[in-house]
Amino acid sequence: MRELDIAAMRAEYGGEPDMSESWLTDGWEPLLRRWLAEAATSGIAEPNAMVLATVDRTDDGPRPVSRTVLCKDLSSAGVIFYTHYDSAKGRQLADIPYASATFVWPALAHQVHLRGPVHAADDDVTAAYWRSRPRNSRLGAWASEQSRPIGSRAELDRLLSEAAARFEDVDDIPVPPRWGGYLLRPEMVEFWQGRRSRLHNRIRMRLDDSGATVAVERLQP
Ligand SMILES: Cc1cc2nc3c(=O)[nH]c(=O)nc-3n(C[C@H](O)[C@H](O)[C@H](O)COP(=O)(O)O)c2cc1C
């Protein structure tokens, strides 16, 4: 196998017109929705994946932690994702209810950061999404105590079998008590558009508690 030259890996960006402040006249949501739709139609796998960072208050001090989750809804209120409330991220959010989320679509030269407080979604929002999940995903949510250590793959498979047996005669598997949605309400959103010569466009919006835009500024790349 040829030696991997990581330092030589680079992409040249450019193509679409320069992003301008006018793209954000109606707020951040329409542009994020447009970029998500472009990612979906261009065949990118998991176009709604976003890297969610939380803060873990450890004995050595606060530490950032990040992992990927799927954005499952988007409105002017914010972005919604689903997870286990007792997972590592769930416990971190119970302690420090703030997060950042980053969407990145390098093939489209687009990146979006959102940052702000995070609240558990309303039960009816979680229930509506839960009903859309395939049966196997529902069983998986019941089987896993997310983020806890487990001894082997076989043990995990056994937990799934147990969940399948438990709900064998149940058509409408209920929402697990400690599973559900979170809404990240952005107080800051930054759109990044890759350009030639590394002179990328960055536009940052600041929002107040009601979600209204209070500032739009262009940042150096
Ligand atoms: C593409 C992708 C999508 C994912 N989507 C989710 C998701 O929507 N919810 C979730 O809980 N975990 C999701 N995961 C798994 C998380 O990245 C993570 O492993 C898990 O949530 C446990 O994180 P934690 O221990 O920090 O709480 C996804 C992973 C990948 C790679």
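A salt bridge is taken here as a side-chain nitrogen of Lys or Arg lying within 4 Å of a carboxyl oxygen of Asp or Glu. In the predicted model examined here, R138 forms such a contact with D172, the closest N and O atoms being 3.2 Å apart. Because R138 belongs to helix α4 whereas D172 sits in the loop between α5 (153-166) and β7 (179-184), the pair ties together parts that are 34 residues apart in sequence. The two partners are placed in contrasting surroundings: R138 counts as buried, at 8% relative accessibility, while D172 is exposed, with a relative accessible area of 53%.

The pair belongs to a wider set, since a search of the whole structure finds 13 salt bridges. Another of these joins R158 to E162, for which the closest N and O atoms are 2.6 Å apart. Both residues are found in helix α5, where a separation of 4 residues corresponds to about one turn of the helix. R158 is partly exposed, with a relative accessible area of 42%, and for E162, likewise partly exposed, the value is 42%. Elsewhere, R204, R206 and E217 are joined into one network by salt bridges that share partners.

A further salt bridge links E145 with R148, the closest N and O atoms being 3.9 Å apart, a distance that falls within the 4 Å cut-off. E145 is exposed, with a relative accessible area of 60%, whereas R148 is partly exposed, at 44%. Both E145 and R148 also contribute to the lining of the second largest pocket, which is completed by H84, D86, S87, A141, W142, S144, Q146, P176, P177 and R178. About 220 Å³ of space lies in this pocket, and the residues of its lining divide into 4 nonpolar, 4 polar and 4 charged.

The largest pocket holds about 270 Å³ of space. Its lining is made up of 15 residues, of which Y82, T83, R133, Q146 and W179 lie nearest the centre of the pocket. Q146 is thus named in the lining of the largest pocket and also in that of the second largest pocket. With respect to secondary structure, β2 (61-70), β4 (78-84) and α4 (135-143) each supply at least two residues of the lining of the largest pocket. Helix α4, which takes part in this lining, is also the element that carries R138 of the salt bridge with D172. By class, the lining of the largest pocket comprises 6 nonpolar, 6 polar and 3 charged residues.

On the outside of the model, L4, I6 and M9 make a nonpolar surface patch of about 350 Å². M9 lies in the segment before α1 (29-41), and this residue is exposed, with a relative accessible area of 51%, a value over the 50% required for that class.

Taken as a whole, the protein chain contains 5 helices and 10 strands. Along its principal axes, the C-alpha trace spans about 55 × 55 × 45 Å. Of the 221 residues in the protein chain, 38% are buried, and R138 is one of the residues that count as such.

Notes. Residues numbered from 1 in each chain as written. Predicted model: local features only at pLDDT ≥ 70, side-chain atom pairs only at ≥ 80, totals over all residues. Heavy atoms only, no water. 1 Å grid on protein atoms, 1.4 Å probe; cavity = no way out; pocket = protein on both sides within 12 Å on 5 of 7 lines; lining within 4 Å. Points joined across faces, edges and corners; volume = space filled by probe spheres on them. Nonpolar A, V, L, I, M, F, W, Y, C, P; charged D, E, K, R; others polar. Patch = residues over 30% accessible without salt bridge, like charges linked within 9 Å, V, L, I, M, F, W, Y side chains within 5 Å. Areas by Shrake-Rupley, 256 points an atom, 1.4 Å probe, with all protein chains shown as cover. Buried < 20%, exposed > 50% of the residue type's maximum accessible area, 1.4 Å probe, protein only.
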